[in-house]
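Colleague: Before I set up any calculation, I would like to go through the side-chain contacts with you, one at a time. Could you take my questions in turn?

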Amino acid sequence: MPTYEEAAKLIIKGAIRSAIFIDENAKEPYSVDNPSETERSISLYQQMKNNGVSLSICKYSDSCYNEQKEYLFANRDLVLLDWKLEGEEQGGEKSLELLVEIVNEQKHIHFCVIYTSENKDSVLKNLLSFFSDTTKEEYDEIRMNLADQEEEIKEILDVLDE
């Protein structure tokens, strides 16, 4: 009998049949102007193909994305999204905009993978904060109200992290 983790991986693997890869540096099929990016795109394409997943590649730009949205998300199960689209310094702003659109308008997409060279905890906190519907002012007020309990809260968070 498979473990929970093995069963979960099998279920997810079986649920993904079509994916879209969105990155401003992605190399679409037959494009060879940057060998390292081409190799990464070809490697991803081959891995997906070997797992029975149909992969489309979108070299991101605002105009291309807006013109091809319907095609990009038609019958997709998975979105592979670069965290720093358009070479953003801080990362995330454009990707967050796309995620909002994907979540609100593309109801059939079940999975999203964000990849980045940034610290994963920072990206996760950014995502959780962005989608929490809580403003920075509300967070600051909560923090101020709980300031006298900071040590107890930190202990609880440390236990939860383990």
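Colleague: Which residue does the side chain of E97 meet in a salt bridge?

Modeller: Bear in mind that this is a predicted model. E97 lies 3 residues from its partner in helix α4, so the two are separated by about one helical turn. E97 counts as partly exposed because its relative accessibility is 47%, whereas the partner is buried, with a relative accessible area of 13%. The N to O distance is 3.5 Å, and the residue that E97 meets is K94.

Colleague: Which residue is linked with K94 and E97 in a network of salt bridges?

Modeller: A search of the whole structure finds 5 salt bridges. The network that includes K94 and E97 also takes in D62.

Colleague: How far apart are the closest N and O atoms of K69 and E101?

Modeller: This salt bridge links distant parts of the chain, with K69 in helix α3 and E101 in helix α4, 32 residues apart. K69 is partly exposed at a relative accessible area of 23%, while E101, at 17% relative accessibility, counts as buried. The closest N and O atoms of the pair are separated by 2.8 Å.

Colleague: Which residue forms a salt bridge with K84?

Modeller: K84 lies in the loop between β3 and α4, and its partner lies in the loop between β4 and α5, so the pair ties together parts that are 34 residues apart in sequence. K84 is partly exposed, with a relative accessible area of 26%, and the partner is also partly exposed, at 21%. The closest N and O atoms are 3.7 Å apart, and the partner of K84 is E118.

Colleague: Why do C64 and C58 form no disulfide?

Modeller: A disulfide is a covalent bond between the sulfur atoms of two cysteines. The structure holds 0 disulfides, and C64 itself is buried, with a relative accessible area of 14%. The cysteine sulfur closest to that of C64 is in C58, and this pair is too far apart for a bond because the separation is 4.6 Å.

Colleague: How do the rings of F130 and F131 pair, and at what angle between their planes?

Modeller: A search of the whole structure finds 4 aromatic pairs. In the pair of F130 and F131 the ring centres are 5.1 Å apart, and the arrangement is edge-to-face because the planes stand at 80 degrees.

Colleague: Which residue joins F130 and F131 in a nonpolar patch on the surface?

Modeller: F130 counts as partly exposed because its relative accessibility is 40%, and F131 is likewise partly exposed at 40%. F131 lies in the loop between α5 and α6. The patch has about 280 Å² of accessible area together, and its other member is V103.

Terms used. Residues numbered from 1 in each chain as written. Predicted model: local features only at pLDDT ≥ 70, side-chain atom pairs only at ≥ 80, totals over all residues. Heavy atoms only, no water. Patch = residues over 30% accessible without salt bridge, like charges linked within 9 Å, V, L, I, M, F, W, Y side chains within 5 Å. Areas by Shrake-Rupley, 256 points an atom, 1.4 Å probe, with all protein chains shown as cover. Salt bridge = Lys/Arg side-chain N within 4 Å of Asp/Glu carboxyl O. Helix = DSSP H or I, 4+ residues; strand = E, 2+ residues; numbered from the N terminus. Phe/Tyr/Trp six-rings, centres within 6.5 Å; stacked < 30°, edge-to-face > 60°. Buried < 20%, exposed > 50% of the residue type's maximum accessible area, 1.4 Å probe, protein only. Disulfide = S-S within 2.5 Å.
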